[in-house]
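Me: Please take a close look at one part of this model, the surroundings of the ligand, and describe them in a connected way.

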Amino acid sequence: MKSIWITGGGGFIGSNLVFALQEEYPSACLTVLDDFRSGSFPNLEGFKGDFVAADISRLDWEGQFGGKRPDAMFHLASITDTTLLDQKVQTHDNVEGFRRLLDYLRPAKTPIVYASSAATYGIRAGVNRIGDPLAPANAYAFSKVQLENLARKMQAEEPSWQIAGLRYFNVYGPREGHKGVPASMAWHLAGQMLLGKRPRIFKHGEQRRDFVYVKDIVSFTLAAMKAGKSGVWNAGSGQPRSFNEMVDGLNRVLGTKLRPEYFDCPYPFYQTHTEADMSATRRDLNIEPKFTLEKGLDDYFQSGWLTRGRAKISTKKKK
Ligand SMILES: NC(=O)c1ccc[n+]([C@@H]2O[C@H](COP(=O)([O-])OP(=O)(O)OC[C@H]3O[C@@H](n4cnc5c(N)ncnc54)[C@H](O)[C@@H]3O)[C@@H](O)[C@H]2O)c1
């Protein structure tokens with residue numbers, strides 16, 4: 001791969017992917033496309049490639065690149081704030097961004113891996129398997145279903161074109177702090193705990209999520225490109241873990257002993273269990289998650305990004 005483009009490379013997962021690509025393909029030309037609506041330039045400290053600051057749902061691709069196309073395309077740009085309720089904006093920016101990108105790449109059939117989401121499955125508790133009916137519960141999830149529909153349509157029209165989608169589950173890890181509210185629970189709970197406060201979670205912390213470490217997500221994304229196949233696969237840990245276990249793991253890495261403060265969930269409905277069935281991913285992409293929650297939190301803490309820029313008050317008692 002001599003030329004690789006990454007949309008959303010200024011964001012959380014995108015920037016982690018950019019650095020993995022920079023390491024694995026040191027002589028490749030990397031180009032990040034991002035309009036920084038939720039990304040952040042410090043995520044790209046040390047990036048040696050090119051950066052195009054543009055909204056990809058409005059970009060004149062031909063005018064910008066004059067017919068040049070990359071050898072591989074990773075598409076992660078998306079509105080990621082699921083609480084943004086404007087259905088038109090969510091759907092326009094996410095879907096038209098992908099449509100324009102596909103239209104531009106079509107003449108060269110540039111292989112593409114794009115980010116879908118576990119949100120496409122909806123709010124039903126239990127194991128999420130590829131082939132399950134999709135039931136988007138918000139405009140963000142709806143836009144991701146549309147990405148998958150568009151990919152399937154294009155793929156049917158151009159059967160030799162590799163278009164691979166990954167349904168990312170609950171991702172946590174370095175370079176997510178810029179996201180604010182949509183950042184992971186690991187990030188938010190650690191922030192409370194570093195201030196010596198008890199981590200606040202909904203009663204009674206036993207709801208489970210498929211928390212997946214960003215390094216595994218990057219590995220799945222690269223594996224999807226290398227596999228040369230089209231389709232959609234789950235990208236999770238395959239191990240649902242509770243919020244209580246998340247707090248235990250954070251107490252361990254931060255050296256704190258803070259018990260959760262439970263409070264009533266204000267929502268009429270709250271998902272009790274998410275879990276990626278990883279069998280198709282294992283079989284087709286030949287890849288396994290490597291990080292348990294404990295290993296992921298260790299790595300996150302050691303990276304320095306879990307505590308970066310955050311005030312820590314001592315939790316030791318004064319004599
Ligand atoms: N983080 C998760 O847990 C998770 C879970 C499921 C799916 N995903 C998907 O993974 C991808 C990356 O998410 P993330 O967590 O890194 O979020 P993020 O918000 O940090 O990254 C998204 C990036 O895309 C950019 N962007 C958005 N719309 C754009 C547009 N129209 N033109 C140009 N740039 C645009 C943003 O500025 C940002 O840098 C997204 O597609 C997201 O939907 C993430």
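Reply: What follows is a description of the ligand's surroundings, with a short note on one loop residue at the end.

This is a predicted model, and in it 29 residues lie around the ligand, of which D34, S38, T80, Y140 and K179 come nearest. Sorted by class, this shell holds 13 nonpolar, ten polar and six charged residues.

Several polar backbone atoms lie close enough to the ligand to count as polar contacts, for which the cut-off is 3.5 Å between N or O atoms. A ligand oxygen is 2.8 Å from a polar backbone atom of I13, while a distance of 3.1 Å separates an oxygen atom of the ligand from a polar backbone atom of G11, and 3.1 Å is also the value for a ligand oxygen and a polar backbone atom of G39. Of the 810 Å² of accessible area that the ligand has on its own, the protein covers 96%.

As for the elements involved, α1 (12–24), β5 (112–117) and α4 (139–157) each supply at least two residues of the shell, and β5 gives the most, with three residues. At the level of domains, the shell draws at least three residues from domain 1 (3–169 + 214–235) and at least three from domain 2 (171–210 + 239–274 + 291–303).

Finally, A137 is found in the loop between β6 (126–128) and α4. A137 counts as exposed because its relative accessible area is 51%, the cut-off for that term being over 50%. The C-alpha atoms of A137 and G122 are 5.4 Å apart in space, although the two are 15 residues apart in sequence.

Definitions and conventions:
Residues numbered from 1 in each chain as written. Predicted model: local features only at pLDDT ≥ 70, side-chain atom pairs only at ≥ 80, totals over all residues. Heavy atoms only, no water. Near = heavy atom within 4 Å. Polar contact = N/O pair within 3.5 Å; in protein donor to acceptor, adjacent residues only side chain to side chain. Areas by Shrake-Rupley, 256 points an atom, 1.4 Å probe, with all protein chains shown as cover. Helix = DSSP H or I, 4+ residues; strand = E, 2+ residues; numbered from the N terminus. Nonpolar A, V, L, I, M, F, W, Y, C, P; charged D, E, K, R; others polar. Domains from an automatic or database assignment. Buried < 20%, exposed > 50% of the residue type's maximum accessible area, 1.4 Å probe, protein only.
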